[in-house]
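I open this notebook to record what I looked up in one structure. The entries follow the order in which I consulted it.

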Amino acid sequence: MPLRVFQDHDGQEWRVWFVMPAGSPGMLGESFRDGWLCFERTDGHDRRRLAIADAPPAWDGLPDERLDTLRKSAEPAQRSATLGQASLETNQRDDRSSGPKTVVGEDGGTV
């Protein structure tokens with residue numbers, strides 16, 4: 001699968017690649033059932049998706065300016081429920097109190 005890196009009009013670097021959905025197509029909106037282009041800023045601060053039906057067939061050969069136009073028309077991507085649940089579980093794990101802590105020194109004794 002092609003992966004392109006390009007810069008937007010503000011000089012931000014983005015990656016774009018094609019995503020083919022797996023699993024139940026009923027979980028996706030109709031326009032995304034045949035796949036989409038995923039646009040992700042390389043610093044991870046923004047992710048967008050564009051239905052493949054709205055992208056030209058040779059998208060990976062387009063100039064940066066045209067890819068940036070497609071990115072602007074893409075919709076913000078939502079985090080999946082699985083990722084959200086994992087994050088919630090991590091937060092719950094990190095927030096729980098587990099009683100007094102014992103620190104073990106270099107010699108194996110407790111401090």
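Which residues have the most contacts inside the largest nonpolar core? I found that this core has 13 residues, and that Val 16, Leu 37, Phe 39, Trp 59 and Leu 67 have the most contacts inside it. I noted that a nonpolar core is a set of buried Ala, Val, Leu, Ile, Met, Phe, Trp, Tyr and Cys residues joined through side-chain atoms within 4.5 Å. Buried means under 20% relative accessible area, exposed over 50%, and partly exposed in between, with a 1.4 Å probe and protein chains only.

**Basis.** I worked from a predicted model, in which local features need pLDDT of at least 70 and side-chain atom pairs count only at pLDDT 80 or more, while totals for chains, interfaces and linings use all residues. Residues are numbered from 1 along each chain as its sequence is written, and side-chain values use heavy atoms, with hydrogens and water left out.

**Confidence.** I read an average pLDDT (the predictor's confidence in each residue, from 0 to 100) of 78 for the chain, with 67% of the residues scoring at least 70. Residues 82–103 have a pLDDT below 50. Where pLDDT is low, the predicted coordinates should not be read in detail.

**Core.** I asked which elements supply at least two residues each to the largest core. They are strand 2 (13–19), strand 3 (36–41) and helix 1 (64–73); helices (H or I, at least four residues) and strands (E, at least two) are DSSP runs numbered from the N terminus. Strand 2 gives the largest share, 3 residues. Another core, of 6 residues, lies apart from it and includes Leu 28 and Cys 38.

**Strand 1.** I saw that the side chains of residues 3–7 alternate: Arg 4 and Phe 6 are buried on one face, whereas Leu 3, Val 5 and Gln 7 point to the other and are not buried. Strand 1 runs antiparallel to strand 2, and 5 bridges join them; two strands pair if DSSP finds at least two bridges between them. Val 5 stands opposite Arg 15.

**Rings.** I counted 2 aromatic pairs. Rings of Phe, Tyr and Trp (its six-membered ring) pair if their centres lie within 6.5 Å; planes under 30 degrees apart count as stacked, over 60 as edge-to-face and the rest as tilted. Phe 6 and Phe 39 are edge-to-face, 6.2 Å centre to centre with 90 degrees between the planes. Phe 32 and Trp 36 are also edge-to-face, at 6.0 Å and 85 degrees.

Conventions:
Contact = heavy atoms within 4.5 Å.
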